Amino acid sequence: MTIRPICISGNPVLHTPAAEVTVFDDELRTLVADMFETMDEAPGVGLAAPQIGVAKRIFTYTWTEDDGTLKRGVVINPVLEIGAISAEEPDEESESEGCLSFPGYRFPLKRALTATVTGVDLEQNPLGIEAEGWFARIFQHEYDHLDGILYVDKLNDEFQPEVLEIKEDEGWGVDGLSWLPGRDDLDA
Ligand code: ZN
């Protein structure tokens, strides 16, 4: 397994819808194994294939619920259904999320409190996962990556000047930027 570089905002692969997976072979198994290793090393609670430069509809996740239950897996060709998203202002304390492709920053964003993901696993077995709370947020965040959307794209208007300023200060928003978990010291 290999830890792969994580693309940073500006890399076109992050801003373009990814393609359905049609071939389930050893290359795909290696890709998914690398995604788990890269996600764990980052560390992150989710990783979408475009984040390591692969424009395919795949994400991995790892999340421990409050009761200690570990939720961990891969979803290939996911379909997402979500509950209603509140029109209220997001809470800075409890609703701020981050992204390994916009590393080191957090912004609040309203998400649906429930989500259901269907798709297939590496063996093409159908799967369906119901999620609530932060676990549901992870699914929404990772699914957006597959449509070429970063969470910072969805923030309320009031945060957009700060996002722009960060991109300028960091020199992001251009092609070819990445960071390597375990080597580069970045908080995400
Ligand atoms: Zn992300």
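## Ser9 and its surroundings

Ser9 is found in the loop that runs between strand E1 (6-7) and helix H1, where helices (H or I, at least four residues) and strands (E, at least two) are DSSP runs numbered from the N terminus. This is a predicted model, in which local features need pLDDT of at least 70 and side-chain atom pairs count only at pLDDT 80 or more, while totals for chains, interfaces and linings use all residues. Residues are numbered from 1 along each chain as its sequence is written, and side-chain values use heavy atoms, with hydrogens and water left out.

Is Ser9 buried or exposed? With a relative accessible area of 2%, Ser9 is buried, a word that here means under 20% relative accessible area, whereas exposed means over 50% and partly exposed lies in between (1.4 Å probe, protein chains only). Leaving aside neighbours within four places in sequence, Ser9 is in contact with several residues, including Leu14, His15, Ser101, Phe102 and Trp172, where contact means heavy atoms within 4.5 Å.

## The sheet and its helices

An open sheet of 5 strands, with antiparallel pairing, follows the order E2-E3-E4-E7-E8; two strands pair if DSSP finds at least two bridges between them. Strand E2 (46-48) and strand E8 (126-132) are the edge strands, since each pairs on one side only, and the twist averages 40 degrees from one strand to the next.

Strand E3 (residues 58-64) is joined to E2 by 3 bridges, the two running antiparallel, and Ala48 has Phe59 as its bridge partner in E3. On E4, Phe59 stands opposite Val75, and Thr60 stands opposite Val74. In a regular strand the side chains alternate between the two faces of the sheet. Strands E3 and E4 (residues 70-82) pair in the antiparallel sense over 7 bridges, and they form a hairpin with 5 residues between them, in whose turn Gly68 has a positive phi of about 95 degrees.

Helix H1 (residues 26-41) lies across E2, E3 and E4 and runs at about 40 degrees to E3, where axes are lines fitted to C-alpha atoms, for helices over the stretch in contact, and angles run from 0 to 180 degrees between N-to-C directions. Helix H2 (residues 133-146) also packs on the sheet, touching E2, E3, E4, strand E7 (114-120) and E8, and its direction makes about 160 degrees with that of E3. Strand E3 is mostly covered, as 5 of its 7 residues are buried.

## The zinc ion

Which residues are the protein donors of the zinc ion? They are Cys99 (SG), His141 (NE2) and His145 (NE2), lying 2.0 to 2.2 Å from the ion; donors are N, O and S atoms within 2.8 Å of the metal (3.2 Å for Na, K and Ca), and sites may look incomplete because water is not among the atoms. Cys99 lies in the loop between strand E5 (96-97) and strand E6 (107-108) and His141 lies in helix H2, so the pair ties together parts that are 42 residues apart in sequence. Both Cys99 and His141 are buried.

## Salt bridges

A salt bridge is a side-chain nitrogen of Lys or Arg within 4 Å of a carboxyl oxygen of Asp or Glu, and by this rule the count comes to 12. One of them joins the side chains of Asp34 and Arg4 (2.8 Å, N to O), linking helix H1 with the segment before E1, 30 residues apart. Asp34 counts as buried at 2% relative accessibility, whereas Arg4 is partly exposed at 23%.
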